Amino acid sequence: MKFYITTPIYYVNALPHIGHSYTTVAADCLARYRRMKGDETFFLTGTDEHGDKIARAAEKQGISPETFADQMAAHYQQMWNKLNISYDRFIRTTESAHKKAVQAVFSKLLEKGDIYQGEYTGLYCIHCETFIQNPEEEHGNPLCSDCHRPIQKISEKSYFFKLSKYQKPLEDWLKDHPDMVEPDFRLGEVKNFISKGLIDLSVTRQVAGWGIQSPTPEKFPIYVWIDALVNYLTGIGYPETDNEKWSFWPPDIQLIGKDILRFHDIIWPALLLALELPLPKKIFAHGWWVINKEKISKSKGNAINPMDLIDMYGVDGFRYFIMREIPFGLDGEYSETRFIQRYNSDLVNDLGNLINRTLHLVEKDHHNRVPSASPDQTIIEMANTILHTVDSAMERLAFRDALQEIWTIAGWLNKYIDTKKPWDPNNTDRKEVLATCLEGIRVLALFIAPFLPSTAEKIWEMLGISKESRPFSFKMISERLTEGAPLSQRSILFRRIKQ
Ligand code: MSP
């Protein structure tokens, strides 16, 4: 099966913080999971590089928007490499392939009459790059209802997309495909917004110079959100649709944060309806990481740089925490105390100690070779059951539930080893106990591989499994370690953090 997954493309006006890495790590876990299931997966991410915000940020530094965007896109790429993000394509909206795709979309809609010329008069928030219909008031001055910053009144000649024409088709589509919008409590929000009436959307700017030129006589730059949304088409080769890449269309899962719901659940599907292209199967909006209930963001001054956390706790410590701590879809409070508690209890105690004490005994009592005994059937049955429960959690994008399921294996093994005491020389089933623990550790490595890829690699190396048995696949659940085969040198995976 083909599986196409996307993240939003990130604005390059700021460095990535933990909120950005949340969407990307989640997408990576899912992409790796689907690859292990045997799906042919295409994972797209990238950077959103046009618009006023970025032009202003470049100006502040006294450099051109091109140079600024190059530098910032490189930061994102570095961060994703450090986070072990296995994307298949990193798209930049300043690429010529993307420019071509955006102009092709614009031309097609112009030809169809779904884009027309008019005059835009209204309120606009430069920060959010959004037109504001219902501003907040403070001392008589209108403020953006999203970011609460002052907004501007603008009046200019503009081209409009006939969003209103797609109100009914979109309502009908959502009636027949309610699963497109997830979590399901977001569907009501989207429907409610549509039912208030969709108005045509201004899709060009006169003021902002930093953008893709529209194929119109005035060559106005194209509204940055239209430019950005089209990246999901460019990513797999649009406007060329007769090649292998394009066979990934439509996206299976598009991950977004809840703040960009309307762009993705209204404007984006309306554009696709206008282009007569199939709509995404699922657009899932996750919640925010917050500190004292405030969204983590650069502008709030509470941004946490994932690089710092990775340097302190390792990449897998970071990945584990953000995927395990809060249900995907809801907001979650970030705290370093919670981070350290989770790290110590789940990674150091449950996983690390289990592996360390098992391998220590195998080293000491069995010449560091897989003991010649069959593992207890319970662990084999457990692995097969968890394969199903994890799959059902991953289908729901319930990453936290999936990890909880996986940790039941570690929980069972830790209890088993405590009860069976394989270190006791009078114990006659010592070999079987250690063979069971090794088998449990082997399947644990497979299950954690989408979430903690470098830890899974290290475990397999310690188990002496050759590099040829890569990439990881869930088919390997039914394989076994070879009796008598040598293990490699043991190393400590996670070290306790002092609070
Ligand atoms: N450029 C647009 C997206 C265009 S997609 C066609 C954009 N970029 S962004 O950099 O501002 O945000 C990217 C993603 O990061 C969004 O999904 C947003 O929800 C997510 N996050 C930013 N801060 C966040 C938190 N504090 N917590 C969780 N995710 C949040 O929007």
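Contact here means heavy atoms within 4.5 Å, and the views below use the word in that sense for a model that is predicted.

**View 1. Arg319 and its surroundings in helix H11.** In this predicted model, Arg319 has its place in helix H11, which covers residues 315-324. Leaving aside residues up to four places away in sequence, Arg319 touches Val25, Asp28, Cys29, Arg32, Leu83, Asn84, Ile85, Pro450, Phe451 and Pro453. A polar atom of the Arg319 side chain lies 3.0 Å from the backbone oxygen of Pro450, and Pro450 is also one of the residues that Arg319 touches. Is Arg319 buried or exposed? Its relative accessible area is 0%, and Arg319 is therefore buried, since buried means under 20%.

**View 2. Helix H11 as a mostly covered element.** In H11, 10 of its 10 residues are buried. Among them are the charged residues Asp316, Arg319 and Arg324, together with Val315, Phe318, Ile322 and Met323.

**View 3. The nonpolar cores of the model.** The largest nonpolar core has 100 residues, and those with the most contacts inside it are Met323, Phe399, Phe447 and Phe451. A second, separate core of 72 residues includes Ile154, Leu187, Ile236 and Leu275. Of the residues named for the largest core, Met323 is also among the buried residues of H11, and Phe451 is one of the residues touched by Arg319. Phe447, when residues up to four places away in sequence are not counted, touches Ala383, Ile386, Leu387, Val390, Ile406, Ile409, Phe474 and Ile477. In soluble globular proteins, nonpolar side chains tend to be buried together.

**View 4. The ligand and the shell of residues around it.** The ligand is surrounded by 24 residues, of which the closest are Ile9, Asp48, Gly257, Asp259 and Ile296. By class, this shell has 13 nonpolar, 8 polar and 3 charged residues. An oxygen atom of the ligand lies 3.2 Å from a backbone N or O atom of Tyr11, while a nitrogen atom of the ligand is 3.3 Å from a polar backbone atom of Gly19. A polar side-chain atom of His20 lies 3.4 Å from an oxygen atom of the ligand. On its own the ligand has 670 Å² of accessible area, and the protein covers 95% of that area. Two or more residues of the shell come from each of strand E1 (2-11), helix H1 (18-37), helix H7 (224-229), helix H8 (231-234) and E11, and the largest share, 4 residues, comes from E1.

**View 5. Gln254 in strand E11.** Gln254 lies in strand E11, residues 253-257, and E11 is one of the elements that give two or more residues to the shell around the ligand. The side chains of Gln254 and Thr6 are joined by a polar contact of 2.9 Å. Not counting residues up to four places away in sequence, Gln254 touches Thr6, Tyr232, Trp268, Pro280, Lys282, Ile283 and Phe284. Gln254 counts as buried because its relative accessibility is 0%.

**View 6. Ile151 in the loop between strands E7 and E8.** The loop that holds Ile151 runs between strand E7 (141-143) and strand E8 (152-161). Ile151 counts as buried because its relative accessibility is 11%. Its C-alpha atom is separated by 8.3 Å from that of Ile132, 19 residues apart along the chain. Residues up to four places away in sequence aside, Ile151 touches Leu123, Tyr124, Cys125, Ile132, Pro135, Pro142, Leu143 and Cys144.

Definitions and conventions
Residues numbered from 1 in each chain as written. Predicted model: local features only at pLDDT ≥ 70, side-chain atom pairs only at ≥ 80, totals over all residues. Heavy atoms only, no water. Buried < 20%, exposed > 50% of the residue type's maximum accessible area, 1.4 Å probe, protein only. Polar contact = N/O pair within 3.5 Å; in protein donor to acceptor, adjacent residues only side chain to side chain. Core = buried A, V, L, I, M, F, W, Y, C linked by side-chain atoms within 4.5 Å. Near = heavy atom within 4 Å. Areas by Shrake-Rupley, 256 points an atom, 1.4 Å probe, with all protein chains shown as cover.
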